[in-house]
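Please look at how the copies of the chain are arranged, how they meet, and where the backbone does something out of the ordinary. The report below takes these topics in turn.

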Protein chains: 2
Amino acid sequence: MRWDTQNLTRFIEAAQGKRPVDLCLRGCRLVNVLSGQIETVDLAVQDGLVAGWGNYDAQQYIDSDGMYVCPGFIDGHIHIESTLLSPAQFCAAVLPHGTSAVVADPHEIANVLGIEGILYFLSATEKLPLDFYFNLPSCVPATPLETSGAHLSASDLCSLLPHPRLLGLAEMMNFPGVVAGVPEVLDKLLLFQQRVLDGHSPQLAGLELNAYIGAGIASDHECTTQLEAREKLAKGMTIMLREGSQSKDLEALLPVVDDQSWPHCMLVSDDCHPDDLLRQGHMNSIVNRAVKLGMDPVRALTLATWTPARYFGLRRRGAIAPGYRADFTLSPTLTPWNPVGVFKDGIEVAQDGRLLLDSSSWQSPGLPASPMKVAEMVAEDLSVPVQEGMLRVIGAREGTLLTRKILESPLTSNGSVIADVDRDILKLVIYNRYSPDRRPSVGFVKGIGLKKGAIATTVAHDSHNLIAVGTTDSAIMEVADAVRRNGGGMAVGNEQADVEILPLPIAGLMSDRPLAEVVERLDSLKAKARTWGSPLHNPFMALSFLALPVIPELKLTDLGLVDVSTFSFVSLFESA
Amino acid sequence: MRWDTQNLTRFIEAAQGKRPVDLCLRGCRLVNVLSGQIETVDLAVQDGLVAGWGNYDAQQYIDSDGMYVCPGFIDGHIHIESTLLSPAQFCAAVLPHGTSAVVADPHEIANVLGIEGILYFLSATEKLPLDFYFNLPSCVPATPLETSGAHLSASDLCSLLPHPRLLGLAEMMNFPGVVAGVPEVLDKLLLFQQRVLDGHSPQLAGLELNAYIGAGIASDHECTTQLEAREKLAKGMTIMLREGSQSKDLEALLPVVDDQSWPHCMLVSDDCHPDDLLRQGHMNSIVNRAVKLGMDPVRALTLATWTPARYFGLRRRGAIAPGYRADFTLSPTLTPWNPVGVFKDGIEVAQDGRLLLDSSSWQSPGLPASPMKVAEMVAEDLSVPVQEGMLRVIGAREGTLLTRKILESPLTSNGSVIADVDRDILKLVIYNRYSPDRRPSVGFVKGIGLKKGAIATTVAHDSHNLIAVGTTDSAIMEVADAVRRNGGGMAVGNEQADVEILPLPIAGLMSDRPLAEVVERLDSLKAKARTWGSPLHNPFMALSFLALPVIPELKLTDLGLVDVSTFSFVSLFESA
């Protein structure tokens, strides 16, 4: 809310008790993240803001039964795309967990749709009862080793700067580019020098870290050791302690948070998969995990509320105090924090985990076109003629984005290399989504474990081309085509057209269905893949990172097989 | 410094050791206000910024002999006018004490000169080697009970908003006006709702405090008790712990600073008199006092560096970290902090308390006109015809701005009330400085103690009219006229024209001479007043508050005698 004379006058009158406030929560135990104290108060709300506490007359009273109340949670770093949900469904899913604001990096949709994807997020979140802030993706495309749907230069980003919910530049992953002083990378830093500049610099240290931080980058969420976090913190970075679906660093980093350093720390999720979101929650679950690991409960709550609000300069957020947004949650216990009541802008929006609002009325703007400009699917394109030497096979493993390079003797048929189900050497195919005249690239992968059929997905970091793996060419084409026809998605099936799919019509990355439905469908897909032989907890997740050429050791992109150690393309065959 | 491609590239190269940095301080013990740790490092400086620490080649090396290094001090609330120094001389005076930035409220000069006074401060500080930030005075005039030189409405202030060193609105003293929702007061709050809004709300509490804070006011420097500070802090205010020449609240408030609350606290001076500045220092002295009172040394340093920088949103200031301004001081001991070496923007500017720069080269803009539109001084104007009743006499006391109302029987001569030296009832005269057609107002005061002559000053809060007190009308006119002829100042003298003066040609508030000279002259004036009978440590200070009608109990303004308990004008005579 922006003050004008009229609403400011009304607020001042209400806050000092000259007129009844809108709402009074009687007898709640206020967890004050400013003072660190917990005090039983009658909490007054006026015009969606906290009026204060004290003896108030109100239009409406709610008896808090001595429940604890803390500010709404703020996730300072999340990729909404990781939930597979549209912004509206994301909002409906996280509100009941007590989240009131997120700072999102639309990196994935921007790699598919460029500015159009970012504008979609801005527009789709405009009227939702959650505060969506955005940082602009710094690396689109992420690398020159694959083909993305867009290329965003500093000047492209510039047009979005005036948007009020746009805070700055999202994680600058190209830390080698910063340190090397690559002009187009510096251009982006220069554009945002008076704004938020988030970092991403795993294991960067010493003088190179000095250069990276000195260039203005103010946060990092990639620390995995105390040593790393302590150096970055001492040098001026705010440390985002990440505890997401993908990476869990909280336990390792917890000792870094002490009485002097805590204002420079916050809790973030980074990635939050739909099943985790449904079953564990969002920031509430991270806060509870921090407390379980030994953090003081008030401090844990502070690191999910006040410190992110201050780092991002979010005014009137992150605490419960006069004039602050009336965003808060009620919990019967301090530990664990169990948000049985959730208020946003002074309105009770969720109770006992159920949304009290009708999310079906949250009109979404027209979905953006989901690029699916895939080459015609013909068997010849998937054929791999035998050559001299051993086959370079990507070794996929559960629980890590790292792959190994494995050399295997190829199984051949009629002069072509084919999948060898017995040795779990499956064919991996990537169809470029953005140029129908580009033939698919083909490789081989070990570790997916399918004994029949194929799986495919258009969530394939970071360019999100259509990636499929399977036991036969015809099964691969069947699932890939199902995904193509649906404008994107995840699918499992075989050549008998027995294909099951989770459509992801929003840029091929996100569903427009509610969380429970998405999880149900995803569970079914995973179960089927497991029934068909995959030992992986989530083979779609594993598949989605096989095209990411910034993480070692061997990856396949739409442009070919990449040896990540040398950042170069290599042949499928390695001569002796 | 603003980055461009060229200097950013150079900085990145230097910070990672690809080219020699400008300067390297070898073996200093870095007091890291971010991590709370003290670590011995080689500190590198490039282009006036901290490049980082590590193994650096440098153009210049300085051996730190194991001295401690901490960030430059930031005074988050000071009235420069209280030092009686021009901005340039203030800069020369505080730099050797380790101050690198101040946030000043030009309340006094604005009451004399309005926008012109603020523009003078902005212009006079443009190129000085100290970072001067300003908040715009919120209350010009301070009250309708006296005549000031200007009236600043929200629209007047608006024109200054774009200035890059202008942060927000200075202490909103009119807290009754905020709480009452006075439109012209709210106008100012609305103008600054996205900026800094500093408060001033002595003893405001409960629901009225809720209204004041809820309206957006984010700090307070008027707390005098723990209870008051704790309530304000819990409700969202940053607490400025004041330890100035006038008010000393540090000892009372120290227990409020704890492991959770400290980010919401900072040390400030508010007022810093020239003798204190010369003999005790500035923020260094406040930090040392805090430590002596029991605060942890690193925390005390943090509250004079990082917390003010963050509260005011001063980027790249308040810590020593890559990319931060290379503003720091070296001290041989952590306690006390003794800034024997001071660096500003990477340049050594002071050593052992001596300025290394030639401050005479600091070109000041032309001094603004000092309004001295005083009525012609004639004896008849000072005559007080006897009336019925007892004389209402202002009771001045050492060490407090409060006065008492005293009733005395008047001493008369030829039908007029005259000063009664034996009973220490002296005549008090105020000449309006802004309208030559306005006759002086006349009253009586007890407690100044002069046995001969008179003293006068144009530092007279808050409107800074010409105020004089004396034993005879002719002595009063003699010193008042001396002050008038000098364009303002402080003077002591008698009717034999034996007048000694400290000229204050800048708006009648500030000297253009160096600190040592100002103190020497002021000491001499005070000594003379004491020789002539005044028991007060500083009779000029006492005099300067006798016209301030916002502090009880009885005051004299240019408009007449004010009973502060009723905010109304009263006669010099009280009938039985």
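## Symmetry of the two chains

In this predicted model, chain B can be laid on chain A with an RMSD of 0.0 Å. The operation is a turn of 180° with a shift of 0.0 Å along the axis. That is the relation of a two-fold axis.

Which residue of chain B comes closest to the rotation axis? B:Asp259 does, with its C-alpha at 2.7 Å.

## The interface

Chain B gives 59 residues to the contact, and chain A gives 59 residues. Of the interface residues of chain B, 100% are also interface residues in chain A, so the copies meet through the same surface.

The size of an interface is often given as the accessible area lost when the parts come together. Between chain B and chain A, the buried area is about 4,900 Å². Carbon and sulfur atoms give 57% of that area. How many salt bridges does the rule find across the interface of chain B and chain A? Zero.

## A helix pair across the chains

Helix 1 of chain A covers residues 5-15, and helix 7 of chain B covers residues 183-191. Their axes come within 10 Å and cross at roughly 110°. Angles of 65 to 115 degrees count as roughly perpendicular. That makes helix 1 of chain A roughly perpendicular to helix 7 of chain B.

From helix 1 of chain A, the contact uses A:Thr5, A:Leu8, A:Thr9 and A:Ile12. From helix 7 of chain B, it uses B:Leu186, B:Asp187 and B:Leu190. By class, this contact has four nonpolar residues, two polar and one charged.

## The surroundings of B:Asp47

B:Asp47 sits in a loop of chain B, between strand 2 (38-46) and strand 3 (49-53). Which residues does B:Asp47 contact, leaving aside its neighbours within four places in sequence? They are B:Met1, B:Asn7, B:Arg10, B:Phe11 and B:Asp22.

B:Gly323 is 276 residues away from B:Asp47 along the chain. The C-alpha atoms of B:Asp47 and B:Gly323 are separated by 9.7 Å.

## Cis peptide bonds

The peptide bond from B:His461 to B:Asp462 is cis. Its omega is near -10°. B:Asp462 belongs to the loop of chain B between strand 24 (454-457) and strand 25 (466-470).

Another stretch of chain B has a cis peptide bond joining B:Pro552 and B:Glu553. Here omega is about 20°. B:Glu553 is in the loop between helix 17 (539-544) and strand 28 (554-557) of chain B.

## Positive phi outside glycine

A:Ala497 has phi near 60°, a positive value in a residue other than glycine. Where in chain A is A:Ala497 placed? It lies in the loop between strand 26 (489-493) and strand 27 (500-503).

For B:Asp270, phi is near 70°, a positive value in a residue other than glycine. B:Asp270 is found in the loop of chain B that runs between strand 13 (265-268) and helix 11 (274-279).

Technical notes: Residues are numbered from 1 along each chain as its sequence is written. Chains are lettered from A and ligands numbered from 1 in the order in which they are written. This is a predicted model: local features need pLDDT of at least 70, side-chain atom pairs count only at pLDDT 80 or more; totals for chains, interfaces and linings use all residues. Side-chain values use heavy atoms; hydrogens and water are left out. Axes are lines fitted to C-alpha atoms, for helices over the stretch in contact, and angles run from 0 to 180 degrees between N-to-C directions. Helices (H or I, at least four residues) and strands (E, at least two) are DSSP runs, numbered from the N terminus. Angles under 35 degrees count as roughly parallel, over 145 as roughly antiparallel, 65 to 115 as roughly perpendicular and the rest as oblique. Contact means heavy atoms within 4.5 Å. Ala, Val, Leu, Ile, Met, Phe, Trp, Tyr, Cys and Pro count as nonpolar, Asp, Glu, Lys and Arg as charged, and the others, Gly among them, as polar. Copies are superposed by least squares on the C-alpha atoms of residues with pLDDT of at least 70 in both. Buried area is the accessible area (1.4 Å probe) that two parts lose on being put together, summed over both. A salt bridge is a side-chain nitrogen of Lys or Arg within 4 Å of a carboxyl oxygen of Asp or Glu.
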